[in-house]
Amino acid sequence: MSDKTLKDLAEQMRGIDIAMLSTITEGGYIAGRPMSNNGEVDYDGTSYYFTDGDTRTVSDIRREPKVALAFQGKDAFSLAVEGQASLSQDKGEMQAHWTPELDRWFRQGIDTPGLTMITVVAERAHYWAGQDEGEVTL
């Protein structure tokens, strides 16, 4: 087991554009979907994603906020994150995390009706980097 820090993980995550966000469904199943991760953002243990408020993702999080994130990067780097999700429709909060790339999915920007921001605060991260693996508790 290696002892990487959150800063080390953040550097290896740079450039990863898609994360798989997994939630627990009403029936107790695990549902995963790709979310834009904006790989240009420095990871500090908190992730922000945008979706429509009427999605299964949002209803799953309202019922059970425990979620998982999966990232696949370069050079055999993988990261599995467990954390707690929360939901917001506050335009000020959303503006702080909005990037122009999101306009392709939400044509009215933060004024898109029903737009919801998902915030995931990591509690634990397990990584694999070739032969190196370890865990960071946040």
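**A friendly tour of strands, turns and rings**

Visitor: How does alanine 76 count at 49% relative accessibility: buried, partly exposed or exposed?
Guide: Welcome! This is a predicted model, and alanine 76 has a relative accessibility of 49%. Buried would need a value under 20% and exposed a value over 50%. The value for alanine 76 falls in between, so the residue counts as partly exposed.

Visitor: What is the phi of alanine 76?
Guide: Alanine 76 is placed in the loop between S4 and S5. Although alanine 76 is a residue other than glycine, its phi is positive, near 60 degrees.

Visitor: Which residue takes a positive phi near 55 degrees in the hairpin of S4 and S5?
Guide: This hairpin leaves four residues between its strands, and the loop there leads from S4 to strand S5 (77-88). The residue in question is exposed, with a relative accessible area of 72%. Like alanine 76, which is a residue other than glycine, this one has a positive phi without being glycine. In the hairpin of S4 and S5, the residue is aspartate 75.

Visitor: How many bridges join S4 to S5?
Guide: The two strands run antiparallel. One of the paired positions puts alanine 68 with its bridge partner in S5, glutamate 82. For S4 and S5 the count of bridges is seven.

Visitor: Which residues make up the covered face of S4?
Guide: S4 has two faces, and Lys66, Ala68, Ala70 and Gln72 belong to the uncovered one. A residue of the other face, leucine 69, stands opposite leucine 21. The covered face of S4 consists of Val67, Leu69 and Phe71.

Visitor: Which side chains of strand S1 point to one face and are buried?
Guide: Along S1 (residues 18-24) the side chains alternate. Ile18, Met20, Ser22 and Ile24 point to the other face and are not buried. The buried side chains are those of Ala19, Leu21 and Thr23.

Visitor: Over how many bridges do S1 and S4 pair?
Guide: S4 covers residues 66-72 and pairs with S1 in the antiparallel sense. Serine 22, for instance, has alanine 68 in S4 as its bridge partner. For S1 and S4 the number of bridges is three.

Visitor: Which residue in the turn of the S1 and S2 hairpin has a positive phi of about 90 degrees?
Guide: S1 pairs with strand S2 (residues 30-36) in the antiparallel sense over seven bridges, and isoleucine 18 stands opposite serine 36. Five residues lie between the two strands of the hairpin. The turn residue with that phi is glycine 28.

Visitor: Which residues does glycine 32 touch, not counting those up to four places away in sequence?
Guide: Glycine 32 lies in strand S2, and at 46% relative accessibility it counts as partly exposed. Threonine 55 is 23 residues away along the chain, with 13 Å between the C-alpha atoms of the two residues. Touching means heavy atoms within 4.5 Å. By that cut-off glycine 32 touches Met20, Leu21 and Ser22.

Visitor: How far apart in space are tyrosine 48 and tryptophan 98, C-alpha to C-alpha?
Guide: Tyrosine 48 lies in strand S3 (residues 46-52) and counts as partly exposed at 29% relative accessibility. Leaving aside neighbours within four places in sequence, its contacts include Ser36, His97 and Met117. Tyrosine 48 and tryptophan 98 are 50 residues apart in sequence, while in space their separation is 9.1 Å.

Visitor: Which residues form one aromatic cluster?
Guide: Rings pair if their centres lie within 6.5 Å. By this rule there are three aromatic pairs. The residues that form one cluster are Phe50, Trp98 and Phe106.

Visitor: Over the ring of which residue does the charged end of arginine 104 sit?
Guide: A charge on Arg counts as over a ring if CZ is within 6 Å of the ring centre and within 35 degrees of the ring normal. Here the distance to the centre is 4.2 Å, and the ring belongs to tryptophan 105.

Visitor: What is the radius of gyration of the protein chain?
Guide: The chain has three helices and seven strands, following the pattern α-β-β-β-α-β-β-α-β-β. For 138 residues the globule rule gives 14 Å, and the value for this chain is close to that, so it is as compact as a globular protein of that length. The radius of gyration is 15 Å.

How values were computed. Residues are numbered from 1 along each chain as its sequence is written. This is a predicted model: local features need pLDDT of at least 70, side-chain atom pairs count only at pLDDT 80 or more; totals for chains, interfaces and linings use all residues. Side-chain values use heavy atoms; hydrogens and water are left out. Rings of Phe, Tyr and Trp (its six-membered ring) pair if their centres lie within 6.5 Å; planes under 30 degrees apart count as stacked, over 60 as edge-to-face and the rest as tilted. The radius of gyration is taken over C-alpha atoms; the globule rule is 2.2 Å times the number of residues to the power 0.38. Buried means under 20% relative accessible area, exposed over 50%, partly exposed in between (1.4 Å probe, protein chains only). Two strands pair if DSSP finds at least two bridges between them.
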